[in-house]
Amino acid sequence: MVTQTEIPPVTFQYSHTIGRQEVRSGNGFFNPVAITRDENNLLYVLSRGTETPVFFPCKRVTVFTLDEEVVAEFGQKIPPEEADASTPNGSFMWPTSVALDSDGNAYVSDEWLNRISVHHPDEGWIGQWGIPGDAPGEINRPAGLAFDKDDNLYEVDSLNHRVQVFTKGGQYKFGWGRKGDGDGEFDHPWGIEIDHNGDVYIADWRNNRIQKFAPDGTFLMKFGALGDGEGEFNRPTGVAVDRDGAIYVTDYKNDRVQVFGADGCYITTMVGQAGLSKWAAERVYLDPTIVKARQRAQNLTEREGAFQGPIAVEVDDEGRVFVLECARHRVQVFHKQSALFAGDTL
């Protein structure tokens, strides 16, 4: 048994950065808000874009390898002249999350359209569902999405301050939560994670905490409070749990990722170490004036490397940690160097 004073050190080695700001399609993101991966270690990043009509085509999902090779892109673009008139099938307005079912289909939540769109990376749009409202099975500003091992889709129903569970086809099964700050209550929840045991973690955004539930919604634990100290949050947005039970939280307004043990005990903080991604370097080194300006800049490595607006985090079973930054349009990749082992207690 590992006691509180015997926690093995957990460190993270920076690997590389993926991404750059890119308004058009291709090698980059534009205000990305969600990340997930498939069984082939392809990464899916959802770009939200902005609400400015000229930038509506920036709303998309980009699929790429760890070596920064783009393999697919989907999400029908809304022409600016049609933005107020219609929302075609497969289009996004305020996309918030992306999750993959066991067949490789991608489900994208949209908090403006109050619907879930279903896409296949090769076949494109294949369906959608969602009824606006606050009755069971209706949705109001859907945020985080996550599938369990049985292909049940857990949806964070942000403005209804609850979590709902659906079949892949959108049939309502059950849900829990209401507005408040008590156990099992929420205030504008956002991110979601389902761990290897099927337990559910919710980033309770305005309550500045993480809550953990059994698969049926039974409350298990909570941790966090408003602040900038260790174990405190200022608008947590994303949560991930690795195979050792370590919990990662993107502390959005504190510009950091905090790491906790399986019981919510604070372990360490990640602040970012990014260098230029391959995509970014391709652009920078085309302009000698930018290269010279970077050479003259003071403390560039430290300033450029730090997280700014980390909004989502993903982990894999090989110890990799992927931190998505909305404000800097990139993913920082790290390798976990030591671990808390499953079954250990703090």
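User: How many bridges join β10 to β11, and what makes them a pair?

Analyst: In this predicted model, four bridges join β10 to β11, and the two strands run antiparallel. Pairing requires at least two bridges, so four bridges qualify β10 and β11 as paired. One of the bridges sets alanine 146 against tyrosine 154 in β11.

User: Which sheet holds these strands, and in what order?

Analyst: The sheet is open and has four strands, ordered β10-β11-β12-β13 with antiparallel pairing. β10 (142-147) and β13 (172-176) are its edges: each has a single partner strand, so one side of each lacks a neighbour in the sheet. On average, neighbouring strands are turned by 20° against each other, direction ignored.

User: What makes β11 and β12 partners in that sheet?

Analyst: Five bridges join β11 (residues 153-157) to β12 (residues 162-166). The cut-off is at least two bridges, so β11 and β12 count as paired. The two strands run antiparallel, and valine 156 stands opposite valine 163 in β12.

User: Why is β10 called largely enclosed?

Analyst: Six of the six residues of β10 are buried, so the rest of the structure largely encloses this strand. β10 is nevertheless an edge strand of its sheet, with a single partner strand.

User: Why is aspartate 151 called buried?

Analyst: Its relative accessibility is 13%. Buried means under 20%, so aspartate 151 falls in that class. The residue lies in the loop between β10 and β11. The hairpin of these strands has five residues between them, and aspartate 151 takes a positive phi near 65° there.

User: What is in contact with aspartate 151, and which residue shares a polar contact with its side chain?

Analyst: Leaving out residues up to four places away in sequence, aspartate 151 touches Asp101, Ser102 and Lys168. Its side chain and that of lysine 168 are joined by a polar contact of 3.5 Å. The limit is within 3.5 Å, so the pair is counted.

User: What other open sheet of four strands is there, and which strands stand at its edges?

Analyst: An open sheet has the order β6-β7-β8-β9, with antiparallel pairing. β6 (95-100) and β9 (124-129) are at the edges, each with a single partner strand, so one side of each has no neighbour in the sheet. Neighbouring strands here are turned by 25° against each other on average, direction ignored.

User: How do you know that β6 pairs with β7?

Analyst: Five bridges join β6 to β7 (residues 106-110), and the strands run antiparallel. At least two are needed, so the pairing holds. In β7, serine 109 is the bridge partner of serine 97.

User: Which residues of the largest nonpolar core touch the most other members?

Analyst: The core has 29 residues, and Ile18, Ile35, Leu46, Val61 and Val331 touch the most other members. Strand β3 (residues 43-47) gives the most to this core, with four residues.

User: What is in contact with valine 331?

Analyst: Setting aside neighbours within four places in sequence, valine 331 is in contact with His16, Thr17, Ile18, Phe29, Ile35, Val45, Phe322, Val323 and Leu324. There is also a second, separate core of 15 residues, which includes Val257, Ile267, Phe307 and Val321.

User: What do the totals for the protein show?

Analyst: The protein has three helices and 24 strands. Of its 346 residues, 58% count as buried. About 14900 Å² is exposed, with carbon and sulfur atoms supplying 47% of it. Among contacts between residues at least 6 apart in sequence, 50% join residues at least 24 apart.

Conventions
Residues are numbered from 1 along each chain as its sequence is written. This is a predicted model: local features need pLDDT of at least 70, side-chain atom pairs count only at pLDDT 80 or more; totals for chains, interfaces and linings use all residues. Side-chain values use heavy atoms; hydrogens and water are left out. Axes are lines fitted to C-alpha atoms, for helices over the stretch in contact, and angles run from 0 to 180 degrees between N-to-C directions. Buried means under 20% relative accessible area, exposed over 50%, partly exposed in between (1.4 Å probe, protein chains only). A polar contact is a pair of N or O atoms within 3.5 Å; within protein, one must be able to donate a hydrogen and the other to accept it, and residues adjacent in sequence count only if both atoms are side-chain atoms. Contact means heavy atoms within 4.5 Å. A nonpolar core is a set of buried Ala, Val, Leu, Ile, Met, Phe, Trp, Tyr and Cys residues joined through side-chain atoms within 4.5 Å. Accessible areas come from the Shrake-Rupley method with a 1.4 Å probe; for residues, only the protein chains shown count as cover.
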